[in-house]
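Please open the model in your viewer and keep the sequence panel beside it. The stops below say what to select next and what is there.

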Amino acid sequence: MDVEVLKRDDVSLKLLVKGVKLHLLNSLRRALIAEVPVMAVDYVVFMENSSVFYDEYIAHRLALIPLSSERALEKYKSPEECREAGERGIFSEDCFVKLELSGEGVRGGVKTLYAGDLVSGDPDVKPVYDKIPIIQLLENQRIKLEAYARLGRGREHIKWSPVSVAAHKYVASVKIDEGKCAYPKCRRCIEVCPRQVIVEKEGSIKVDEGKLLECSLCRLCETVCPSEAVKVSWKESEYILYFESTGSLTPKRILIEAARALEDKLNTFKKALVEGVGYGGS
């Protein structure tokens, strides 16, 4: 398998993957969404809430605030252990991080509380984005709460998914039969291509190989060609994998943890299969 980085920044990663089956790549994509643990608020204790919002509404907003989780993966127990502790009402420090929020409305105005107003008991676990609004308070309205965050996985609830986007697509293959092409009388394929993959070059119509990876396989060029000179298909075992992080983990860390989780699942399945069938061969 060959992997080439096409684009990389603080929150996203775009890869060209060759020599891999689609079902395996899709399993990795699903692992990105559902198997990589990150921190998120799971329990909220309200001491006071005289706002117009229900407790459940506020708790839901708190849960969807991305929390930094890079160091949390090494510091806290697994999601399975901590879920059981939380269900018993035990908020131990090796499982949970406490975040506190308190505020009061101002006279003649509106007081907005943001994610940055949450006070975390662990400096390594805090809101990734400070300006996410949580609640607005009017005069004489007050709120005071304690939120408890733990590690979890996206398959349990989307609030624990480290990615906002995770997708893959085929790499396009566009062929032009110059013997059938009616250029320069016809330029329809050039005019309809939304990604400018087909261009005029050296007195004929050509495929811009540099932009081929941007082709969305819409097939507009193939559809409008009156002489059927354009054929669009895809390359076998070549794909583009793209995902965006919520900010809880870096894209590189998400990819590593997803691959590790997928490997663990395959090893567990292999072990169960061998033990269940009683097969001891190599």
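Which residue in E8 does glutamate 100 stand opposite? Select the two together and you will find that the partner of glutamate 100 in E8 is glutamate 146. Before going on, note that this is a predicted model, in which local features need pLDDT of at least 70 and side-chain atom pairs count only at pLDDT 80 or more, whereas totals for chains, interfaces and linings use all residues. Residues are numbered from 1 along each chain as its sequence is written, and side-chain values use heavy atoms, with hydrogens and water left out.

**The sheet around E4**

Show strands next; here helices (H or I, at least four residues) and strands (E, at least two) are DSSP runs, numbered from the N terminus. E4, residues 97–104, runs antiparallel to E8, residues 142–152, and 8 bridges join the two. Turning to E6 (residues 119–120), you will see that this strand also pairs with E4 in the antiparallel sense, over 2 bridges, and that serine 120 in E6 is the bridge partner of leucine 99. Two strands count as paired if DSSP finds at least two bridges between them. Displayed together, the strands form an open sheet of 4 in the order E3-E8-E4-E6, with antiparallel pairing. E3 (38–49) and E6 stand at its edges with a single partner strand each, so one side of each has no neighbour in the sheet.

Now show the side chains of E4. In a regular strand the side chains alternate between the two faces of the sheet. In E4 the covered face carries Val97, Leu99, Leu101 and Gly103, while Lys98, Glu100, Ser102 and Glu104 make up the uncovered one.

**The disulfide and two other cysteines**

Select cysteine 82 and cysteine 95, which a disulfide joins with an S to S distance of 2.3 Å; a disulfide is taken as a pair of cysteine sulfur atoms within 2.5 Å, and the structure holds 1. Cysteine 82 lies in helix H4 and cysteine 95 in the loop between H4 and E4, so the pair ties together parts that are 13 residues apart in sequence. The torsion about the S-S bond is about -85 degrees, which makes the disulfide left-handed. Cysteine 82, at 0% relative accessibility, counts as buried, as does cysteine 95 at 2%; buried means under 20% relative accessible area, exposed over 50%, and partly exposed in between (1.4 Å probe, protein chains only).

Move to cysteine 218, which is in no disulfide, the nearest cysteine sulfur being that of cysteine 215 at 6.3 Å. Cysteine 218 is partly exposed, with a relative accessible area of 40%. Cysteine 225 is likewise in no disulfide, with the sulfur of cysteine 186, the nearest, 6.0 Å away, and cysteine 225 is buried at 14%.

**Salt bridges**

The structure holds 23 salt bridges, each a side-chain nitrogen of Lys or Arg within 4 Å of a carboxyl oxygen of Asp or Glu. Select lysine 265 and glutamate 35, whose closest N and O atoms are 3.8 Å apart. This pair links distant parts of the chain, 230 residues apart, with lysine 265 in helix H7 (residues 251–277) and glutamate 35 in the loop between helix H1 (22–34) and E3. Lysine 265 is partly exposed at 42%, whereas glutamate 35 is buried at 12%. Extending the selection to Glu80, Arg153 and Arg155 shows the network of salt bridges in which they are linked with Glu35 and Lys265.

Staying in helix H7, select arginine 253 and glutamate 257, which meet in a salt bridge (3.0 Å, N to O). They are 4 residues apart, and therefore separated by about one helical turn.

**Backbone details**

Finally, inspect the peptide bond between tyrosine 183 and proline 184, which is cis with omega about 10 degrees; proline 184 is placed in the loop between strand E9 (163–176) and helix H5 (188–192). Continue to glutamine 196, a residue other than glycine with a positive phi, near 55 degrees, in the loop between H5 and strand E10 (198–201). The last selection is serine 237 in strand E12 (residues 230–245), where phi is again positive, at about 65 degrees, although the residue is not a glycine.
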